[in-house]
Amino acid sequence: AGRRLGGPVERSVAGEIARKGNTTETWGELFSGGRVGGKEVLANLTSLALLGYDAEAVRGVLSGAISRGKVGWADLLGTLCALDYELRDDRIKQIVEARDKEGEREGD
């Protein structure tokens, strides 16, 4: 009596990223474990690109999702429009500056 059970742990891709960090190592675990689907790749494509994650792994997941009908043209076009905004030079500069400021705060 009096003991508490731990809360539920979200085992989704988003939950793992939140818990372990948005790093190439975390993504590597998720990809190698077969836990990343086409929709997750599209939702996180900017992060994967900025991390320089393995393009062949990303392409493989997307190709499989497209061939199985899990990702369609509307999904791809929506992502393309988002990337057109997210991967502009000025936007990348903002992201890098924000990351650097966060690193400086952690180093204090």
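**A residue in α2, a core and helix α5**

Visitor: Is T26 buried or exposed, and what is its relative accessible area?
Guide: This is a predicted model: local features need pLDDT of at least 70, side-chain atom pairs count only at pLDDT 80 or more, and totals for chains, interfaces and linings use all residues. Residues are numbered from 1 along each chain as its sequence is written, and side-chain values use heavy atoms, with hydrogens and water left out. Buried means under 20% relative accessible area, exposed over 50%, and partly exposed in between, with a 1.4 Å probe and protein chains only. T26 is buried, with a relative accessible area of 4%.

Visitor: Which residues does T26 touch, beyond those up to four places away in sequence?
Guide: T26 sits in helix α2. Contact here means heavy atoms within 4.5 Å. On that basis, T26 touches E16, I17, K20 and G21.

Visitor: How many helices does the protein chain have?
Guide: Helices (H or I, at least four residues) and strands (E, at least two) are DSSP runs, numbered from the N terminus. The protein chain has zero strands. Its helices number seven.

Visitor: Which element gives the most residues to the largest nonpolar core?
Guide: Such a core is a set of buried Ala, Val, Leu, Ile, Met, Phe, Trp, Tyr and Cys residues joined through side-chain atoms within 4.5 Å. This one has 17 residues, and W27, F31, V36, V41, L48 and V58 touch the most other members. Two or more residues come from each of α1 (13–20), α2 (24–32), α3 (38–43), α4 (45–51) and α5 (55–67). With four residues, the top contributor is α5.

Visitor: Which residues is W27 in contact with, leaving aside neighbours within four places in sequence?
Guide: W27 is one of the core members that touch the most others. Its partners include V13, I17, N22 and V36. The list goes on with N44, L48, L51 and Y53.

Visitor: Within what arc do the buried residues of α5 fall?
Guide: V58, V61, L62, G64 and A65 are buried in α5. The arc is that of the directions from the helix axis to the C-beta atoms. These buried residues line one face of the helix, because they fall within an arc of 160°.

Visitor: Which helices do the buried residues of α5 pack against?
Guide: On the other side of α5, E56 and S67 are exposed. The buried residues pack against α2, α3 and α4.
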